[in-house]
Amino acid sequence: MFYHLGHFSKFVPPGSHRIDVKASKESALQFIGFTTPDSLTVVVVLNTEDKEIALQIHSEDGVITETVPPSSIQTYIW
């Protein structure tokens, strides 16, 4: 739990606003997005499964393609 909270305190500064993030299909990943006061986009992704899961994040700036390791939390910033 401490490690997970660290992602939010390190990458989501005070004054950030939550943004709507939607999955295009059913996924075991859990995620939440923010816009920071510096106009950066931050998406925190949690994989609670015992297997890696492919991920694509589509935005106006392009596409991020990653594989989220099992039982991990990842933070993407652009």
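Is S71 buried or exposed? S71 is exposed, since its relative accessible area is 53%, where exposed means over 50%, buried means under 20% and partly exposed covers what falls in between (1.4 Å probe, protein chains only). S71 sits in the loop that joins β5 (62-68) to β6 (72-77). The phi angle of S71 is near 45°, a positive value in a residue other than glycine.

Before going further, a word on the ground rules. The model is predicted, so local features need pLDDT of at least 70 and side-chain atom pairs count only at pLDDT 80 or more, while totals for chains, interfaces and linings use all residues. Residues are numbered from 1 along each chain as its sequence is written, and side-chain values use heavy atoms, with hydrogens and water left out.

Now for the overall picture. The chain has one helix and six strands, where helices (H or I, at least four residues) and strands (E, at least two) are DSSP runs numbered from the N terminus. Followed along the sequence, the pattern reads α-β-β-β-β-β-β. The chain's radius of gyration is 12 Å, and this agrees with the value near 12 Å that a compact globule of 78 residues would have; the radius is taken over C-alpha atoms, and the globule rule is 2.2 Å times the number of residues to the power 0.38. Along the principal axes, the C-alpha trace spans about 35 × 30 × 15 Å.

Of the 78 residues, 27% count as buried. The surface that the chain exposes comes to about 5600 Å², with carbon and sulfur atoms supplying 53% of it; such areas come from the Shrake-Rupley method with a 1.4 Å probe, and for residues only the protein chains shown count as cover. As for contacts (heavy atoms within 4.5 Å), take those with a separation of 6 or more: residues 24 or more positions apart account for 33% of them. On the charge side, the chain has 5 positive and 9 negative charges, and their mean positions are 4 Å apart. Here Lys and Arg count as positive and Asp and Glu as negative, with His and the chain ends not counted, and each charge is placed at NZ of Lys, CZ of Arg, CG of Asp or CD of Glu.

Next come the rings. Searching the whole structure turns up one aromatic pair. F8 and F34 make up this pair, which is edge-to-face, at 6.3 Å centre to centre and with 85° between the planes. The pair ties together distant parts of the chain, as F8 lies in helix α1 (residues 2-11) and F34 in strand β2, 26 residues apart. For the record, rings of Phe, Tyr and Trp (its six-membered ring) pair if their centres lie within 6.5 Å; planes under 30 degrees apart count as stacked, over 60 as edge-to-face and the rest as tilted. The partners can also be described by their cover: F8 is partly exposed at 29% relative accessible area, whereas F34 is buried at 12%.

F34 turns up again among the contacts of T41, a residue of strand β3. Leaving out residues up to four places away in sequence, T41 touches I19, F34, Y76, I77 and W78. T41 counts as buried, because its relative accessibility is 18%.

Strand β3 also holds N47, which counts as buried at 1% relative accessibility. With residues up to four places away in sequence set aside, N47 touches L29, E52, I53, V68, P69, P70, S71 and S72, so the S71 of the opening question is back in view. G62, by contrast, is 15 residues from N47 in sequence, and their C-alpha atoms are 23 Å apart in space.The remaining stops are in loops. S39 lies between β2 (30-35) and β3 (41-47), and its phi is near 65°, a positive value in a residue other than glycine. At 61% relative accessibility, S39 is exposed. P13, found in the loop between α1 and β1 (17-19), is partly exposed with a relative accessible area of 30%. Apart from neighbours within four places in sequence, P13 is in contact with T36 and P37. Between the C-alpha atoms of P13 and I57 there are 21 Å, with 44 residues separating the two along the chain. S27 belongs to the loop between β1 and β2 and is partly exposed, at 32%. The C-alpha atoms of S27 and A54 are 9.7 Å apart, for residues 27 places from each other along the chain.
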